[in-house]
Amino acid sequence: MRLSQTLSAAAAAAMFGLLGSATFANEPTKKAPANPVGAGWGKTTITTNNGTTGGTFTPEQMAAVNRVSGYFNNLQTLAGRFVQTDPDGTKSRGKFYVKRPGMFRFEYGRPSVKVVVSDGRFLAIEDRDAGTEETYEVSDTPFRMLLRADVNLVRDAIVLQVEETDSQISLVLRDKDPDIGAAIKVVMTTKPELVLRGWITRDAQGLETTVEATDVVHGKDVDPKLFQREKLFLKSVQQ
């Protein structure tokens with residue numbers, strides 16, 4: 001049985017034939033390079049078609065929210081491959097690693113030499129070729145809601161959209177902290193078990209970065225050194 005409550009006027013677009021999109025209000029913000037976690041985009045506010053946030057959901061939909069919340073709350077490590085589609089349609093591929101709370105790493109395959117790495121507090125978008133990096137607070141990204149030490153989406157997120165089919169759950173979430181305003185659309189497959197499939201972040205200009213996760217493995221030992229930032233800017237100054 002399909003459960004659907006779409007609170008967005010822009011829910012017609014699809015990612016991989018699965019993901020719709022939500023309506024985001026535009027706000028001026030500092031632009032960051034397209035990245036898988038929405039870093040450096042400033043406040044991004046999602047609004048519904050009647051100008052309000054949140055909504056009333058059925059018990060079945062709230063059960064889906066709690067199921068996704070439990071998935072991330074029980075998550076220790078995650079590893080896999082990703083395909084990132086930038087706002088201009090450019091695609092890039094690579095490997096990713098996640099370790100709660102708050103640590104992650106995205107290694108892009110060649111010809112890119114970019115790495116996005118979080119040590120749990122700060123994340124850096126590193127260009128290994130140019131020797132440059134841009135650094136942001138992890139707490140300013142939508143991933144804050146999903147990778148914190150104690151994940152509770154009902155408590156910490158404004159749920160704007162819930163869709164469930166026999167094989168998929170998708171949620172649009174916005175951080176409840178008004179100083180964050182970060183938002184993300186998360187897609188999970190449910191068969192044979194609940195697994196992260198992908199997500200969309202959308203900046204204040206309405207530009208979307210889409211990430212599809214594949215070959216996802218849970219509970220794999222991950223080298224802690226993968227989450228150490230290299231601080232390329234300091235290296236270049238010292239040379």
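**Entry 1: the S7–S8 turn**

I began at the hairpin formed by S7 and S8, which has two residues between the strands. In the turn I looked up Gly120 and found a positive phi of about 105°. I note here that the model is a predicted one. Strand S8 covers residues 122–127, and I found that S7 and S8 pair over five bridges in the antiparallel sense. I then asked which residue of S8 is the bridge partner of Lys114. The partner is Asp127.

**Entry 2: the other side of S7**

I turned next to strand S6, residues 103–108, which runs antiparallel to S7 and is joined to it by five bridges. The connection from S6 to S7 is a hairpin through five residues. Looking for the residue that stands opposite Phe106, I found Val116 in S7.

I also asked why S7 counts as largely enclosed by the rest of the structure. The strand spans residues 114–119, and five of its six residues are buried, so I recorded S7 as largely enclosed.

**Entry 3: Lys114 and Tyr108**

I returned to Lys114 to locate its charged end. The charged end sits over the ring of Tyr108, at 4.7 Å from the ring centre.

**Entry 4: aromatic pairs**

I searched the whole structure for aromatic pairs and obtained eight. One of them joins Phe104 and Phe106, with 6.1 Å centre to centre and 70° between the planes, and is edge-to-face. I checked the burial of Phe104 and Phe106 and found both buried.

I then examined the rings of Phe143 and Trp199, whose centres are 5.3 Å apart. Their planes stand at 65°, and since edge-to-face requires over 60 degrees, I entered this pair as edge-to-face. The pair links distant parts of the chain, its members being 56 residues apart: Phe143 lies in helix H2 (residues 143–147) and Trp199 in strand S13 (residues 195–202).

Are Phe143 and Trp199 buried or exposed? The cut-off for buried is under 20% relative accessible area. Phe143 has 6% relative accessibility and therefore counts as buried. Trp199 has a relative accessible area of 3%, so I recorded Trp199 as buried too.

**Entry 5: the ring cluster**

Finally, I asked which residues the ring pairs link into a cluster. The members are Phe82, Phe96, Phe104, Phe106, Tyr108, Phe143 and Trp199. I noted two cross-references to earlier entries. Tyr108, in this cluster, has the charged end of Lys114 over its ring. Phe106, also a member, stands opposite Val116 in S7.

Definitions and conventions: Residues numbered from 1 in each chain as written. Predicted model: local features only at pLDDT ≥ 70, side-chain atom pairs only at ≥ 80, totals over all residues. Heavy atoms only, no water. Buried < 20%, exposed > 50% of the residue type's maximum accessible area, 1.4 Å probe, protein only. Helix = DSSP H or I, 4+ residues; strand = E, 2+ residues; numbered from the N terminus. Pairing = 2+ DSSP bridges. Phe/Tyr/Trp six-rings, centres within 6.5 Å; stacked < 30°, edge-to-face > 60°. Lys NZ or Arg CZ within 6 Å of the ring centre and 35° of its normal.
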